[in-house]
Structures are given as structure tokens and as C-alpha cells.
Amino acid sequence: MCPSGEKSDKQRLWTSLLEAGLVDISADDVPDRIREAKAVVIGRLGELLQMKGNVQERESAAHSLATLKKLETTLSRTAKRQDRE
């Protein structure tokens with residue numbers, strides 16, 4: 001147990017996720033949230049590609065985009081499997 005007034009790493013993580021709107025999303029909203037996130041990342045990646053430097057942020061944005069695509073693919077496959085059942 002943490003001393004009064006202090007949060008554990010896990011509590012801080014959950015608080016951050018809640019504030020970012022990444023927790024307590026209904027399953028029906030997840031595909032839309034992924035599309036929204038992809039649009040933001042693609043926009044930022046476009047900006048970064050026009051600038052010199054920011055290599056680490058470009059790599060991070062590209063990695064985020066790949067992760068979002070994997071999530072999208074996984075959700076699509078899961079939905080197709082559920083439709084067949």
C-alpha cells in the first residue's frame with residue numbers, strides 16, 4: 001500500500017490512460033478511436049517528414065502508426081471470426 005497522498009506507478013498509469021480517454025471505451029467505439037488516432041499520427045508524421053531532425057519523434061510516430069494498424073487488423077479479424085460463428 002502506498003503512503004497517503006502518493007500514487008503507485010500502476011495508479012499513475014491508469015490515471016494517465018483515463019485522462020487520455022484510453023480506458024473505459026465501449027467496444028463499439030474502438031474502431032472509430034483507432035481511425036481518429038491514425039489520422040492524427042499521419043498528420044503529425046507528414047509534418048515531421050517536412051522538417052529536418054526530429055528523427056526520434058518520426059520513428060515514434062511511425063511505430064505508433066504500425067501499432068494502430070495491427071490493432072485495426074486484429075479487430076477486423078476478430079469481427080470476421082465472430083460473424084462466422
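Buried residues account for 11% of the 85 residues in this chain, which is a predicted model. The fold is all helix in its listed elements: the chain has three helices and zero strands, and from the N terminus the order reads α-α-α. If you look at contacts between residues at least 6 apart in sequence, 35% of them join residues at least 24 apart.

Let's turn to the pairing of helix 2 and helix 3. Their axes come within 9 Å and cross at roughly 155°. An angle over 145 degrees counts as roughly antiparallel, so helix 2 is roughly antiparallel to helix 3. The crossing of these two helices is left-handed. On the helix 2 side, the residues that meet helix 3 include Val30, Ile34, Ala37, Val41, Leu45 and Leu48. On the helix 3 side, the partners include Ala61, Ser64, Leu65, Leu68, Leu71 and Leu75. Charged residues also take part, among them Lys38 and Arg44 from helix 2, and Glu57 and Glu72 from helix 3.

Within this pairing, you can pick out the largest nonpolar core, which consists of six residues: Ile34, Val41, Leu45, Leu48, Ala61 and Leu68. Helix 2 and helix 3 each supply at least two of its residues, and helix 2 gives the most, with four. Val41 is a good residue to centre your view on. Leaving aside residues up to four places away in sequence, Val41 touches Ala61, Ser64, Leu65 and Leu68. Two of those neighbours, Ala61 and Leu68, belong to the core along with Val41 itself.

Now for the charged side chains. Side chains of opposite charge can pair when their charged atoms come close. The structure holds five salt bridges. One of them joins the side chains of Lys38 and Glu72, with a separation of 2.7 Å from N to O. Lys38 sits in helix 2 (residues 30-50) and Glu72 in helix 3 (residues 55-84), so this pair ties together parts that are 34 residues apart in sequence. How accessible is Lys38: buried or exposed? Lys38 has 17% relative accessibility, and because buried means under 20%, Lys38 counts as buried. Glu72, at 22%, is partly exposed. The pair also has company, as Lys38, Lys69 and Glu72 are linked in a network of salt bridges.

Arg44 is the next residue to visit, and you can follow its salt bridges in two directions. Along helix 2, the side chains of Arg44 and Glu47 meet in a salt bridge at 2.8 Å, N to O. Both residues lie in that helix, three residues apart, about one turn of the helix. Across to the other helix, Arg44 forms a salt bridge with Glu57, where the closest N and O atoms are 2.9 Å apart. This second pair links distant parts of the chain, with Arg44 in helix 2 and Glu57 in helix 3, 13 residues apart. As for accessibility, Arg44 is partly exposed at 29%. Glu47 is partly exposed too, at 42%, and Glu57 is likewise partly exposed, at 34%.

Taken together, helix 2 and helix 3 share a nonpolar core, and they are also joined by the salt bridges Lys38 to Glu72 and Arg44 to Glu57.

How values were computed: Residues are numbered from 1 along each chain as its sequence is written. This is a predicted model: local features need pLDDT of at least 70, side-chain atom pairs count only at pLDDT 80 or more; totals for chains, interfaces and linings use all residues. Side-chain values use heavy atoms; hydrogens and water are left out. A salt bridge is a side-chain nitrogen of Lys or Arg within 4 Å of a carboxyl oxygen of Asp or Glu. Buried means under 20% relative accessible area, exposed over 50%, partly exposed in between (1.4 Å probe, protein chains only). A nonpolar core is a set of buried Ala, Val, Leu, Ile, Met, Phe, Trp, Tyr and Cys residues joined through side-chain atoms within 4.5 Å. Contact means heavy atoms within 4.5 Å. Axes are lines fitted to C-alpha atoms, for helices over the stretch in contact, and angles run from 0 to 180 degrees between N-to-C directions. Angles under 35 degrees count as roughly parallel, over 145 as roughly antiparallel, 65 to 115 as roughly perpendicular and the rest as oblique. A crossing is left-handed if the near helix is turned anticlockwise from the far one by less than a right angle, and right-handed if clockwise.
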